[in-house]
Every structure is written in C-alpha cells, then in structure tokens.
Amino acid sequence: MSTRLAKMGRLINKNKAVSFSFNGKNLQGFEGDTLASALLANDQMLMGRSFKYHRPRGVLASGAEEPNGLVNLGEGATFEPNQRVTTTELFDGLTSTSQNHWPSLEFDVGAVNKHLSRFMPAGFYYKMFIHPRPFWKYVYEPIIRHAAGLGKAPKDRDLDTYEHFNINVDVMVVGGGIAGLSAALAAGRSGARVLLVEQTAHWGGRAGVDQPVIDGLSAEVWVKNTLQALEDMGNVTVRNRTQGSGVYDHGYVLAYERITDHAPETDAPRHRLWRIRAKQIVTATGAIERPLSFAGNDIPGVVLAAAVRDYAVNWGVSMGDRTVVVTNNDDAYRTAIVLKKAGLDVPAIIDARTAATGELIDEARAMGIRVEMGKGIAKVKGGKRVTGVGICTQAGEGAELEEISCDCVAMSGGWSPVVHLWSHCGGKLVWDDAQAMFRPDSDLPPLGADGQGFVTTAGIANGHLFTAEGIADGFAAGRGAAKAAGAVGKAGTAPMGEDASEGPISPVWLMPQGAKQALRSKAWLDFQNDVKVSDVQLAAQEGFESVEHAKRYTTLGMATDQGKLSNINGLAILSKALNADIPNVGTTTFRPPYTPISMASIAGPARDELFQPIRMTPVSDWSNANGADNEPVGQWRRPYAYVRSGETVHDAVNREVKNTRDNLGLLDASTLGKLIVKGADAGKFLDMMYTNMMSNLAVGKCRYGLMCTENGFLSDDGVVARIDDETWLCHTTTGGAERIHAWMEDWLQCEWWDQKVYVANVTEQLAQIAVVGPHARKVLEKLGGMDVSKEALPFMQWRDGRLGGFAARAYRISFSGELSYEIAVPASQGRAFWDALLDAGAAFGVMPYGTECLHILRAEKGFIMIGDETDGTVIPQDLNLQWALSKKKEDYLGKRAHTRSHMADPNRWKLVGLETVDGSVLPDGAYAIAEGVNANGQRNTQGRVTSTYYSANMDRGIAMGLVLHGPDRMGEVIEFNKVDGGTVAAKIVDQVFFDKDGEKQNV
C-alpha cells in the first residue's frame, strides 16, 4: 500500500496539516503536498478511469505529463474538470471528485468495454458507424455524444478574475532547473533584461531530488544561492508557477501564470497570461521519462521510476512496500537506492540490457538489491492495484520465468527532451541514436525575420543528461542569447557540476521484444485514450504509414497530455512495424499550449462590461446628452438619430433628412476607418488591394475605391487620399477598419513581405466631422482661416490648413450628394471643433444627424453601402460599378475570380432602384417573386431588396435592390413578398432618385 514516510518530504511542512476531500471522503495532507501526493499518502491509488475501456487508472507521473490523474475540482462557481492531481497544489478545503465513470470509481459499468476490446480495435469507428445507415442518427450518435469527453463542463458562472500582462525583454528563459538558472545567471550578468519562468512552485528541477554537486555545494544550496543572486539583479525578473506555453513568430511568447490556484482565498487574479516579446529565447525545459510497454503496464501502482523517487524525496510518500524496478538505463537505479535508504523493500531491478556497469549499478548491488540483466516483465499481476509481476527473458516471447510479489512497479524507458517550445516555431529535431531520443538540431533553429535563430535549447532539453554538461550548456546558452540580444557585459565563469557516471541506454520499446499478440494487446502506449501496441501495429498493417495518419487512426497522443509519454514509444513501434528507422518515420506536430491553459486566462479581463469595450468618439458625450438614439456599428456606438422631446425616432430621422438637404447638417464621422499606407512600394501595394488605380492618384486628390476578396466579392469601399509621394490615407467603413488593416498586414507579411510598405491604423487619432448641406461652405468661411471655395478646394480634393484656429485637414467629398466637407482634426480637439461648428452654424440652421439620415441621403443618390448592398456574394459588376475595375492594371485582388463563368454570368442579379406603386416602404430584405416553384415547392425569386427607406424629401418609399436583368427592365412592375404573406408592387427605376446630375454637390 502507499503511505507517508516518516523521514522524507523536503517540500512539505509536516507541522501544518491540510484538510481536503476526494469523492466525498475527508482526508488530510500537509502544506506543500500536491493532490497526487496527498491522495497517495492516504492509500488512494485508484484515481480515475480510462476513456475508451474505463480501465482503472492511478498516477503514472509526478508532473505536467501525467495522463491518468484527472479530477474535478471545486463546486458550483469554482467547479473545474480535468485538473491534474500532479500539478494541483493542496490547500485547505480543496474538494475533488473522480470522473469518467458510473456509478462509482470503484465499480464502473463502463468497464465492460474491456471485454469487448477485440471488437473495438484501432479505427473500428471508421468502419462500424457507416452501416446500417439509419443507426447513425438513432443509435450511434446518441451513444457517442453520451460517451464523449472526460469531465463535465461547469454550469455556474466563474467568479474569479483573470488578467493579461505585456512585457518586452532581451532574453526569456523557460525552465527553472539548474540549466535554466545557469542560463538566466549568465544572461543577467551580461546586462540583458531577463525573464525567467518555471511552471512548478519550486526551483531546481530534478536536481532537488537527485542532489548532484555544483561548485562544491549540494544542488539545493546552489539553487538557493543562484536564485537569490538573480532576485538581487534589477534586470532580471523571476516567476514560478508560470508555464512557458507557446513560442510564435517574431519572438512572441505566451506564458501562463497560476497566481492563486494554491491559495484561493487570496484577493488577486486567479491566472495571468503573459504576452512577451523577447529578442532571444532559451528553453531549458528538461526531459520527460518514458514508460516501458509491457502487458499490464497501466495497472495502478505501475509508475515512472523518477516519479516514484519524486514522491518519496519531495513529499515523503511511498508508492508501495515492495517495489520492482524495470529499466533499460542507469537512472532508474537511483530510485531503487532511494527506496532502499528509506527502509523499503526492492525485490529486484529488472534490467533489459544484457550487460551494464556503472557507479549506480554497483551501489545498488552493494546494498543487496537483486539485479536481473537481460530480463523484462512478461505481465503485471493485479486489477485495481499491482500485486506482482511475472519476469521473462527480454529476448524471448514472454514465457514467465518467475513471479515476484510487489505492490509497485517503477519503470524507466529512458528520457525524451521536452522540445515542444523549440518546435512550435519551426525548430527541427535530430535523432540521437546513442541516447535513443529526439533532440534539437542546433543547425536548424527557429528563424526570425532576419534569418537568424532566436531560440536556443539548454541542458537536458538539449540532450545533455548529466549535471556537468547540462549546467555548462545552460550557461553557454544564456551567455550566447544575451550577446545575440545586444548585451555587452561579462557573464563570468560557468558553474561546475558533478554526478555519477552512467552506462549507455539500450532502446527498448516493447517487453519482451518478441511479445505475442496476447501480450501486445495488453501493453499500453497512450494510457488515457487506451491505445495499445497492437493498435499501432494494426494501423501500419492497414496502410497508415505516416505518423500523423497513424496518430489520428489510433488516437495516439490525442489526449489531454498530448502524447508527452506516448508519442515516442508509439512512433518507435510504428517504425518497427514499417521496417523503417525511427528518424525516417518522424514525429507528430508539436503545437501550443505546452499543457492546457484556462480559457478564462485567454479572455483575460474581456468579460461583462469589458467583454467588448464600447468605443466612443470625442463627440459621444455630447451626442448622448442631446438625445442620441445609439446603434452598435462594429464596436462603436453611433447615433441612429437625435431624438427631441415629444417626437419619435422616425420623426427625428425625417427632420434630420429635410434639414440636411435644406440647411446644414453635422455628422460625427470619426468612426470611419483611417489607415495610413506609406512606403516606396505603397502605390504598387494599393493597386493590388483596390480594383481601381491608386498609384497614379495625384498628391492632394482623392479617389473612391473598391476592395474585393481573392474570390472577387466586394469586401469594403472608401475614399483614398494621396498625402505625398509615398503616403496614402485610406478611408474604410466603420466596421471594416480593423478587418481591412489585418487584411493588408496579412498580405504584406505572408505574400508580399519584400515590399517596402508600412500600414498604421490611425482611426482613433483623428476626429472627423462631416459638414453637409447648402450652407456648409458658409459655416466654414465663418470659422475662417482657410479658403474652402470651389476653386481653392475642388470636389474630390483635400487641403491642410486652419479652421477657426484648429489645425485641420479638409476633404471635399460627399456621401449625401450635397455640398459637403469632411474635416479631420486631432482627436483631442474633436469636441471643441464640434462645439465651434454648432456655434458658427446656429445662424444657418445647423442640426446634427445620425446614421439613418446618412443612409437615406446616400440611398436618394443611389450610393451603395457595404453590408447593405453587399452580403459576401456580391461583385462590383452586380452594383453597376464596373467603371471602378481598372483595365490598366495587370492584376488586383479578385481580378482573376471575375473571369470565372459564374461571375460573368449574364443572369446575375443587378442593382436598380425600386419605387412602390402605392408609395409605401418595401419590407427590408423582401424577395421579388417570379413565376413557378422550385424543386422544393418554394416560389421562385428574381431579386431582393438591399436597402429600403422612407424619403422625407420625396415623401414616399424608396429602395434599391438586386433584380434579374434589372437595368434592362426599367419601368417594369414586379411583385415583392410581405411578412404577412401578401405582396406589394414596385416599379424598377434608376437607382439615383435625387439630383441625378449632381448639381447640389458641385457648387
């Protein structure tokens, strides 16, 4: 049985008991325990059930690689599923329950699946769920949905808070073991700004357990001294409980800090997501011990050898009174030695190597431990816990030579460097045959924008398994990273490490090597997803030769541990089945995050009122105080209309429409997107982004432009102004600013990365006011300071100057068909400029207007609106905008798509104006009815309404719509459906309803 040891436990405080519960049972642990160590100390070996066969599962590891020990934590608002017992720090009042079983952990009905395993081999679902067809909906899908997942999603609202933190550093070091500490020390001494993170609560990694000698000191003392030295450096930041989660392009790193998981009563955010920009990154992430594959290696009590050692040394917990150690390397002998010194029995060390010598082997033998060379485990005895093992000859087929009684099996199949962060951004791996591991290929690192490597691995993560070479490698990596980041200080002398010499590993992927089917079908690779050696061999037999295909066919490595323990063993089994070398089979793709992070930390503070911050213009406060009836436009709130006392919104819109046409209107247009595009290649770039020419636009002039996707569909529009020889300012729709900015950056960074172009979103830096109506020029002249006459500022041009003492840029553009100016001033002066316009415009009948008035004015003029006339399937030709498709350019985004037969189809619906016969307003989105019905019995259609309004200027309903052969059917009356089932007749007319010749704007 597992129990607490009297003497060991360097990380726990035995003077402070901690109460917690598991499946309703009240238990006790100590301060410093993990949930795993506390459960084991209470002899709770069984902690969960596997996903597929519901087999009993206990802990296998002691860290983040643990695949089995997943539990529900908390209740109500604090409930969280799938939490690892090995990384959950114990606190008083912790509540936990096991998962993936019914009705109980000890008796699970789902365990019947193990008796059906012969009918549920790898990939059985691809074959079984096809026939008979009706079974899918009524039998298979309900069963699958009921069985899917491990834990249950929380039902109550999460009351904790989460935050983001941004930081820029020269060197980031991931991993707080001796290599990481050494790297941070070298980089810090060199003068670099350093961030050091460690995912656990403790520093030093495995050195704290194995206690090698460093600079003549015990590892524990050296770690303490080094950590103090780092904390004393003003240029070094250290964070424990912080996982290096993912490495991305341009030195961008995400780190995940668990701030109060271990102390939930603390008044602080629970998790913090660090968003880091680092010039250089050092990954000193250590290595993960591999399991061995033999029949019954999943029974609770079969544990990684290093984990058995960890539980004993760190938390004073024995996994059993009698532990059999099985290994193919020297390191596992350390576990046997530690257990023997603790007074526990080690009946035998089963070593798969035919012969091996070394200091650790000699020490184990000197302690009286039996060592069996060239042997393996044929089978583990037991059900819900280990009761014994049958040993066999490793070279044989599994004939049992002897049975050894034991309650724990400590297994070690060697070590795999944690190369995930190195690989996230393109770092390549090389197979190290001598150490039977994939390690980073230093000649092929992740490359930055300058073509140089920006990630370095150090220590065990770099394949250096011994203290002396690992700590020296860490120091060299930190020194090199600091130098590459521009630091010029002296790093000093590297620490010196000492440890016992070890013999070579013997690559063993299956015990025994000639195991028959009966044993292979009980030898587990993926402990959570129940993937066996026989499953991978079956995948190879059925033609899944790619490791990525085999992974998906068998679900190997697709569990929450993402194959940390299973993938190397799995690909080794696959390579042998294919008669190929391991490096030729390759590895699966390493993707961030390294271990799961909470979704709440990704969201950070974006919840409740901060979920989507409301964006406000400098004029918003005035608008809200003066009757603004706001509507959401993207993340902005724009006044739909300014409603006065005693009037309806409809009345307010009509008033604004009439006044803007007759007198003077002001529109807060600050929300329109404003993108600066600058550089030697900016003209060439914009010629590709827009359908019409922008490179030949003269300085001081403006041009209306259209943007299409690669598939030819309209995406955005706006006025482009040429500022100087290398600078253009592109206006976009309000909802399109961020999207178009990202669109431009996507092309520049991914396709045309060699172009010399810079794009900046300056939308919020400027307030922009549209001054519209017959008196627009008069009010600007009253403000004074700038000539805004027709001759000085013609239509579709712009000028810089001063208006009423404000530095301003005046654009002579119109979206209303009226005499119109759009005046841009610094955002900080936006409200003051608005007030000045109201004061100066009082004599001219000034009145602010909202977005609905804006829409009606533009519809009267037949101007399109992105999002109304477009829906993601509309092309410029549909809207009679073929004049904006340049014939001078060789290419633009969407040009080739416009040549497709579907795009050039003469039967595409075209934009026209629509007037109801009775003067009513057409329903928004109504369809034009055609004769006959389609194959589904629905009435055929021949068009649809895109925009529809009541025009106060024309005292009738007006609309625009897309109609089959519309421009060729002027004057024809067609029927549109109504919500009540009736129809309304409308005449097809020109889309320009008001001032067709543009006389009102050209004054």
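A residue counts as partly exposed when its relative accessible area lies between the buried range, under 20%, and the exposed range, over 50%. This cut-off serves at several stops of the tour below, which is made through a predicted model.

**The whole chain**

Begin with the full protein chain displayed as a C-alpha trace, which spans about 105 × 70 × 55 Å along its principal axes. In a cartoon view, the secondary structure amounts to 24 helices and 52 strands. Of the 1003 residues, 57% count as buried. Contacts between residues 24 or more positions apart make up 66% of those with a separation of 6 or more.

Next, switch to a surface representation. The accessible surface comes to about 41500 Å², and carbon and sulfur atoms hold 52% of that area. If the charged groups are coloured by sign, there are 103 positive and 117 negative charges, and their mean positions are 2 Å apart.

**Ser 21**

Select Ser 21, which is found in strand β2, residues 13-22. Is Ser 21 buried or exposed? Its relative accessible area is 11%, so Ser 21 is buried. To see its surroundings, add Asn 26, Leu 94, Thr 95 and Ser 96; Ser 21 touches these residues when those up to four places away in sequence are not counted.

**Salt bridges**

The structure holds 51 salt bridges. Three pairs and one network are visited here.

Select Glu 257 and Arg 239 first. Their closest N and O atoms are 3.8 Å apart, and the two residues form a salt bridge. Glu 257 belongs to strand β15 (residues 252-258) and Arg 239 to strand β13 (residues 236-239), so the pair ties together parts that are 18 residues apart in sequence. Glu 257 counts as buried because its relative accessibility is 8%, whereas Arg 239, at 30%, counts as partly exposed.

Move on to Asp 432 and Arg 439, whose side chains meet in a salt bridge with an N to O distance of 3.1 Å. Asp 432 has 12% relative accessibility and therefore counts as buried. Arg 439 has 28% and therefore counts as partly exposed.

Now select Arg 615 and Glu 764, where the salt bridge has an N to O distance of 2.4 Å. Which parts of the chain does this pair tie together? Arg 615 is in the loop between α17 (599-603) and α18 (620-625), and Glu 764 is in the loop between β41 (758-761) and β42 (766-772), so the parts joined are 149 residues apart in sequence. Arg 615 counts as buried, because its relative accessibility is 13%.

For the network, select Arg 206, Asp 210, Arg 309, Asp 310, Asp 331, Arg 334 and Glu 502 together; salt bridges link these residues.

**Lys 428**

The last stop is Lys 428, in the loop between α10 (420-424) and β28 (429-432). With a relative accessible area of 47%, Lys 428 is partly exposed. Which residues does Lys 428 touch, not counting those up to four places away in sequence? They are Trp 422, Arg 439, Pro 440, Asp 441 and Leu 444. Arg 439 is thus met again here, having appeared above as the salt-bridge partner of Asp 432.

To finish, draw a distance from Lys 428 to Thr 733. These residues are 305 residues apart along the chain, and their C-alpha atoms are separated by 44 Å.

Notes
Residues are numbered from 1 along each chain as its sequence is written. This is a predicted model: local features need pLDDT of at least 70, side-chain atom pairs count only at pLDDT 80 or more; totals for chains, interfaces and linings use all residues. Side-chain values use heavy atoms; hydrogens and water are left out. Helices (H or I, at least four residues) and strands (E, at least two) are DSSP runs, numbered from the N terminus. Buried means under 20% relative accessible area, exposed over 50%, partly exposed in between (1.4 Å probe, protein chains only). Contact means heavy atoms within 4.5 Å. Accessible areas come from the Shrake-Rupley method with a 1.4 Å probe; for residues, only the protein chains shown count as cover. Lys and Arg count as positive and Asp and Glu as negative; His and the chain ends are not counted. The place of a charge is taken as NZ of Lys, CZ of Arg, CG of Asp or CD of Glu. A salt bridge is a side-chain nitrogen of Lys or Arg within 4 Å of a carboxyl oxygen of Asp or Glu.
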